[in-house]
Amino acid sequence: MNATVLTCALCIAIVLFVATVYLGGARRLNGSDHVPAHAGRTRSSVSVEALFVRIRTEMQPPAITHVARPRYLTVPEAHREMLRHTDCDFRRCGRKAAAWDALQTAGVIRS
Ligand SMILES: [Zn+2]
């Protein structure tokens, strides 16, 4: 009696083991649970040329304007403008002239 129960339990265990291994292997061979949904797609909605154009655009430094601001510059703003317009002539660049005036008025520079 005991040997029969043990044999039956062993048979059931073997059947469950084989079924698990077989079904797991079949699923792996099928591959449905391992392949991501986007695999195999080679196209996206953005073209390579569009990406290059965007990269070139974003890598360019922002354009600076040389027209004077319509308001008075603070000393830190004037310092930044002077650095930004280092190569400009203050007689031709309104920003540099305004920065110069602001720094001169604040007593930071003397002419
Ligand atoms: Zn300038």
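Okay, helix α4. It has 12 residues, and from its first C-alpha to its last it reaches 16 Å, close to the 16 Å expected at 1.5 Å a residue. Keep in mind that what we're looking at is a predicted model. Just after α4 there's Gly107, and Gly107 takes a positive phi of about 85°.

So which residues of α4 are buried? Arg95, Lys96, Ala98, Ala99, Trp100 and Ala102. And what covers them? The cover includes α3, and that pair of helices is what I'd like to spend most of my time on.

First, let me step back to the whole chain. There are four helices and zero strands, so if you read along the sequence you get α-α-α-α. Buried residues make up 11% of the 111 residues. As for contacts, take those with a separation of 6 or more: residues 24 or more positions apart account for 50% of them.

Now look at α2, residues 48–59, for a moment. Its end C-alpha atoms are 16 Å apart, which agrees with the 16 Å that 12 residues should span at 1.5 Å a residue. Is α2 tucked away or in the open? Of its 12 residues, the number buried is zero, so α2 lies largely in the open. Set that beside α4, where Trp100 and Ala102 are among the buried residues.

Back to α3 and α4, then. When two helices pack, people describe them by the angle between their axes and the distance between the axes. Here the angle is about 140°, and the axes are 8 Å apart. That makes α3 oblique to α4, because the roughly antiparallel label is kept for angles over 145 degrees. The crossing of α3 past α4 is left-handed.

Who meets whom across that pair? On the α3 side you have Val75, Ala78, Glu81 and Met82, and on the α4 side Arg95, Lys96, Ala99, Ala102 and Leu103. As a reminder, an α-helix has 3.6 residues a turn, so residues three or four places apart point the same way.

Let me go through a few of these residues one by one, starting with Glu81. Glu81 lies in α3. Buried or exposed? It counts as buried, because it has 23 C-beta neighbours inside 10 Å. Leaving aside neighbours within four places in sequence, Glu81 is in contact with Leu73, Arg95, Lys96 and Ala99. The C-alpha atoms of Glu81 and Ala98 are separated by 8.8 Å, though the two residues are 17 apart along the chain.

Next is Met82, also placed in α3. Met82 has 20 C-beta neighbours inside 10 Å, so it counts as buried; the cut-off is 20 or more. Not counting residues up to four places away in sequence, Met82 touches Lys96 and Ala99. From Met82 to Ala98 you go 16 residues along the chain, and their C-alpha atoms are separated by 9.3 Å.

That brings us over to Lys96, in α4. Lys96 is buried, because 22 other C-beta atoms sit within 10 Å. Again leaving aside neighbours within four places, its contacts are Glu81, Met82, His85, Cys88 and Phe90. Lys96 and Thr86 are 10 residues apart along the chain, with 8.2 Å between their C-alpha atoms.

Last stop, the nonpolar core. How many residues does the largest one have? Seven: Leu73, Ala78, Met82, Ala98, Ala99, Trp100 and Ala102. The elements giving two or more residues to this core are α3, residues 75–84, and α4, residues 94–105. The largest share, four residues, comes from α4.

Leu73 is worth a look while we're here. Not counting residues up to four places away in sequence, Leu73 touches Ala78, Glu81, Ala98, Ala99 and Ala102. Of those partners, Ala78 and Glu81 are among the α3 residues that meet α4, while Ala98, Ala99 and Ala102 are among the buried residues of α4.

So if you rotate the model yourselves, start with α3 against α4, with their axes 8 Å apart, and then find Leu73 touching Ala78 and Ala99, among others.

Methods
Residues are numbered from 1 along each chain as its sequence is written. This is a predicted model: local features need pLDDT of at least 70, side-chain atom pairs count only at pLDDT 80 or more; totals for chains, interfaces and linings use all residues. A nonpolar core is a set of buried Ala, Val, Leu, Ile, Met, Phe, Trp, Tyr and Cys residues joined through C-beta atoms within 7 Å. Two residues are in contact if their C-beta atoms, placed from the backbone, lie within 7 Å. The expected span of a helix is 1.5 Å times one less than its number of residues. Axes are lines fitted to C-alpha atoms, for helices over the stretch in contact, and angles run from 0 to 180 degrees between N-to-C directions. Angles under 35 degrees count as roughly parallel, over 145 as roughly antiparallel, 65 to 115 as roughly perpendicular and the rest as oblique. A crossing is left-handed if the near helix is turned anticlockwise from the far one by less than a right angle, and right-handed if clockwise.
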